[in-house]
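Here are a few notes to read alongside the structure. They go from a pocket to some strands and then to the aromatic rings.

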Amino acid sequence: MKLGSLDFHILSDGHVLLDGGAMFGVIPRPLWEKKIPADSRNRIRLAMNCVLIRAAGKNILVETGAGGKMNAKLRDIYGLGEPRLATSLRDHGLEPSDIDIVINTHLHFDHCGGNTRIERDKVVPTFPNAQYVVQKGEFDHAMRPTERDRASYLQENFAPLAEAGQLALIEDDRAIVPGVELLRVPGHTADMQCVKLTSGGQTAFLFADLVPTTAHLPLPWIMGYDLYPMTTLENKRKWIPAVVREGWLALFVHDPAIPAAYLRERDGRWEHEPVTVD
């Protein structure tokens, strides 16, 4: 999809199965299951969408999915198949060495597991020529997580980047190239960042885990995984109306059916109009 001189593609690293109750927090199962049905283990099927951006002569990748390093037990728990990101990149004529910048909205395993790979029993960066961009506060917390969120942070996904000198830590909002802006939006974690793409008078906004699927558009539909749910609520009140008011294209990292949509307000509710993207 083109935005002026910038173009982007929705890629996939496959799907992950996560607990439905955790994904919808205080919302009762009879309500959320109408949106995304659960399996016999109470898990719902979620996409791991990534975004390939071509801007300012750079190949920029947002998110890297879960990757392929997890052991068999964890792959079963999370219903992970073979990682698909490398194949998705090759479908667009790119090898891992062609990626210039990798953006992680945060460092939970389903967003950054593909950052690294195993080579000769050593974990190395998957994208050898890329600068990996993440909020400093997110990295600091990921290196010392709490008991509540320790299972989401696997150091093999990000510690080797620092060791290789490929990690770029930023603080607060930052434009990394013209038309690609990173915005710190806390709630899910203290330092999660969303991505705003702007060119030619058009804008796309990647919600990251602020609004992981279209089912999470209603304000109280907030994940149990969120460390700061009231901050998530404040940011949903800020960013969803902005996307609606300005006519931006909304991008969803976990929606298995609707990775991109325009949002409209009708009778006090937000509705989505899916957009076909490759």
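How much space lies in the largest pocket?

1. Start with that pocket, and keep in mind that this is a predicted model. The largest pocket holds about 370 Å³ of space. Its lining is made up of 15 residues, and if you want to find the middle, look for K35, T214, A215, P218 and H272, which lie nearest the centre. Sorted by class, the lining has seven nonpolar residues, along with four polar and four charged ones.

2. Next, have a look at strand β2, which covers residues 6-19. Of its 14 residues, 12 are buried, so the strand is largely enclosed by the rest of the structure. Buried here means under 20% relative accessible area.

3. What does β2 pair with? On one side of the story there is strand β1, residues 2-3, which runs antiparallel to β2 and is joined to it by two bridges. You can spot K2 standing opposite D7 of β2. The two strands make a hairpin with two residues between them, and G4 in that turn has a positive phi of about 60 degrees.

4. Then there is strand β3, residues 43-55. It also runs antiparallel to β2, and 11 bridges join the two. A handy place to check the register is I10, which stands opposite V51 in β3.

5. Now for the aromatic rings. Searching the whole structure turns up nine aromatic pairs. One of them is F24 with W221, an edge-to-face pair at 5.6 Å centre to centre, with 85 degrees between the planes. F24 sits in helix α1 (residues 20-24) and W221 in the loop between β13 (202-206) and α8 (229-246), so this pair ties together parts that are 197 residues apart in sequence. Both F24 and W221 are buried.

6. Another pair to look up is F207 with F252, which is stacked: the centres are 5.8 Å apart and the planes 25 degrees apart. This pair, too, links distant parts of the chain, 45 residues apart. F207 is in the loop between β13 and α8, while F252 is in the loop between β14 (249-251) and β15 (260-266). As for burial, F207 is buried, and F252 is as well.

7. Finally, which residues do ring pairs link into a cluster? They are F205, F207, W239, W248 and F252. So try showing those five side chains together, with F207 and F252 as the stacked pair among them.

Notes. Residues are numbered from 1 along each chain as its sequence is written. This is a predicted model: local features need pLDDT of at least 70, side-chain atom pairs count only at pLDDT 80 or more; totals for chains, interfaces and linings use all residues. Side-chain values use heavy atoms; hydrogens and water are left out. Buried means under 20% relative accessible area, exposed over 50%, partly exposed in between (1.4 Å probe, protein chains only). Helices (H or I, at least four residues) and strands (E, at least two) are DSSP runs, numbered from the N terminus. Two strands pair if DSSP finds at least two bridges between them. Rings of Phe, Tyr and Trp (its six-membered ring) pair if their centres lie within 6.5 Å; planes under 30 degrees apart count as stacked, over 60 as edge-to-face and the rest as tilted. On a 1 Å grid over the protein atoms alone, a cavity is a set of points where a 1.4 Å probe fits but cannot get out, and a pocket is an open set with protein on both sides within 12 Å along at least five of seven lines; lining residues have an atom within 4 Å of a point. Grid points are joined across faces, edges and corners, and a volume is the space filled by probe spheres set on the points. Ala, Val, Leu, Ile, Met, Phe, Trp, Tyr, Cys and Pro count as nonpolar, Asp, Glu, Lys and Arg as charged, and the others, Gly among them, as polar.
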